[in-house]
Amino acid sequence: MRKQMKQLTSLILAGVLTGSLAGCMPNKSEQPAPTQAATTAAPAQTEAAAGGTDKTEAPAQTEAAAQGTAINTTDPITLRFNWWGGDSRHEKTLKAIEAFEAKYPNITVEAEYEAFSGHEEKVALALNAGSAADVIQLNMDWVFVYSPQGTTFYDLNKVSDIIDLSQYEESDKQFYTIGGALQALPIANTGRGFLWNKTTFDKIGVKIPTTLDELFAAGDAFAAYEDGSYYPFACADYAKIHLMIYYLQCRYGKEWIADGKLQYSREEVIEGLEIIKELEDRHVMPNSEKLAGEGTSELIETSESWINGHYGGSMVWDTNIAKLEDAVTDGELVVGDMVNMGDYNGGPLKASQVIAVTATSKHPVEAAALIQFLFGDEEGAAILGDSRGIPCNKNAVKYVDTEGSKVADMNEKLLAWSPFKLDIFTERAALKAPDGVYTLTIQSLSYGVESAESCADMLIDGINREIGSAQ
C-alpha cells in the first residue's frame, strides 16, 4: 500500500505542477487561440476592498457613467444564463427566469446549469473562445483570474440605470472594479459553518460539540458505538484544508494570506496538519482511505455514510445546506454554533458567488435587466429565496423569507463570528481541484506516505506558486 501510494503521489504531484502552469485550461491541442481572458494574473487590491487581505495600491478608479440606454421590450432577444448549483437552486432559478420572461415577453432566457464539479473548466474554455453565456455566475476569485485587465466582463457602471448599484456596499463594488470597470457584483456572502445530524448524536447519546475538546470526546464515543462505523464529523479531502485554516485562525488570530503572502510559518502549518491527522486518528472524521472507498473524496453529500446518518456532521458553506439536507434519508439536520478551537474566531468569509455580464454579450442592457430582476427586485428575490445564500443586495434581502431557514441561521452565526475575508488565492483551481495541491497534501498525510513536515512544504510551495503566478 505504501509503495503504491508513493507512486500515486508522484504522479499526482507531476499533474499538479503541470496544472499550476497551465491553469484550468485543457491540453494545448484542445485550446482555441489564447485571449486576454485566459491569463492568470490578478490585479492589485486595496486593503478596504479586499477586507484587509491585501494592502497594495489599486489602479485609479475611472468609473464609467451609465449609458442611459433603455431595455428593448419589442424585438425578439435571446439571453444565455450560466450557473452551477444543486437541484433546489436550479428549480428556483428556472422559476425566476419564467417570471422574468413573463415581464419581458420578447426576451427568451436559455438556462445553462449543472453541478459544480468540472464547471470552472467549461467556463474557462467558453471565456477563452468568446462563446460564454451573456450572464454568468462566477466564483469570487475567477473574476481576477479571467479578467486581469477588466475587459473580459462588461462594465456594469455603464448599465447603472438598469442595475441599481446603490443597493451594494461600496467596498464590494470597489473590490470587483478592475481598471475602472465594474466587472461583477456579489450575490451573497458565505462561510463554512457547522451542520449536524441531531438524530445521530441523540442515538449515540453525545451532545453536539461546541469546542475542539468536545469534538475529540465525540470521536471516542462514536468509535465505541456498535461496529465503529459512525463518525461525529466528515469533510472532503480538500475541505480539510479549510478546517485546518479555521483551526489556525482560532489559534493565532491572523489572516491566512495577506499582502500577497502566506501569513503562517512552516511550524504553524505543520501544527495545523497534525491536528487534521489527529482528528482522523482519533475517529473524529474518516480518513482519505475510507472516503475513497466510498467514492466520496470530493462531495460528502454523495457518501452513503452521510445519507444514512453514519456521519454526524460536517463543515459546510451555508449556501450548500440544501444539498446536504436533501441527501439525508435518516436524520434531522441542525445548524450548530461555531466550534471554539482557540482564543480567537477563525474561518474566513467570502462572496458565495458573483454575477457578471460577459463583454461578448450582444445584449448587455437586457442582460443587466435579468441581473436586476433576479438579484435586486422583489419578485426575483422572493422566488430565489436563500438558494444562493442571503443576498448582498440591500433591496433584495428585504424580500427573502428567512423564517425557519437554516441558511439564514448559519449565515447569521458566521457574520457574527468571523473577522476575516477570504483572499483571492486560496480557492484557485490548481489548489482545490480534485488533483490539486490540497487533495495531494491531505491524502499524502492521511495515508502516511509523507510526514506533516513534508506535507507542509508541499502545501506552502503550492500556495506560493499560485501567489507568484499573479505577480
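This passage walks through the predicted model, from its overall make-up to a few of its packed regions.

The structure is a predicted model, in which local features need pLDDT of at least 70 and side-chain atom pairs count only at pLDDT 80 or more, while totals for chains, interfaces and linings use all residues. Residues are numbered from 1 along each chain as its sequence is written, and side-chain values use heavy atoms, with hydrogens and water left out.

The pLDDT (the predictor's confidence in each residue, from 0 to 100) has a mean of 87 for the protein, and 85% of the residues reach 70 or more. Residues 1-63 have pLDDT below 50, although this stretch has 119 contacts in the model beyond near neighbours in sequence; a contact means heavy atoms within 4.5 Å. Where pLDDT is low, the predicted coordinates should not be read in detail.

The protein contains 18 helices and twelve strands. These are DSSP runs numbered from the N terminus, with helices being H or I of at least four residues and strands being E of at least two. Of the 471 residues, 58% count as buried, that is, under 20% relative accessible area, with exposed over 50% and partly exposed in between (1.4 Å probe, protein chains only). Among contacts with a separation of 6 or more, 77% link residues 24 or more positions apart.

The largest nonpolar core (a set of buried Ala, Val, Leu, Ile, Met, Phe, Trp, Tyr and Cys residues joined through side-chain atoms within 4.5 Å) has 139 residues, and Phe 81, Trp 256 and Leu 279 have the most contacts inside it. Leaving aside residues up to four places away in sequence, Trp 256 touches a set of residues including Met 244, Leu 262, Tyr 264, Val 269 and Ile 463.

Val 269 also takes part in helix packing: together with Arg 266, Ile 270, Leu 273 and Glu 274 in H9, Val 269 helps to meet a set of H18 residues, among them Cys 455 and Leu 459. By class, this contact of H9 with H18 has eight nonpolar, no polar and four charged residues. Here Ala, Val, Leu, Ile, Met, Phe, Trp, Tyr, Cys and Pro count as nonpolar, Asp, Glu, Lys and Arg as charged, and the others, Gly among them, as polar.

Leu 273, Cys 455 and Leu 459 reappear around Thr 441, which touches them and Met 458, not counting residues up to four places away in sequence. Thr 441 lies in helix H17 (residues 437-446) and counts as buried because its relative accessibility is 0%.
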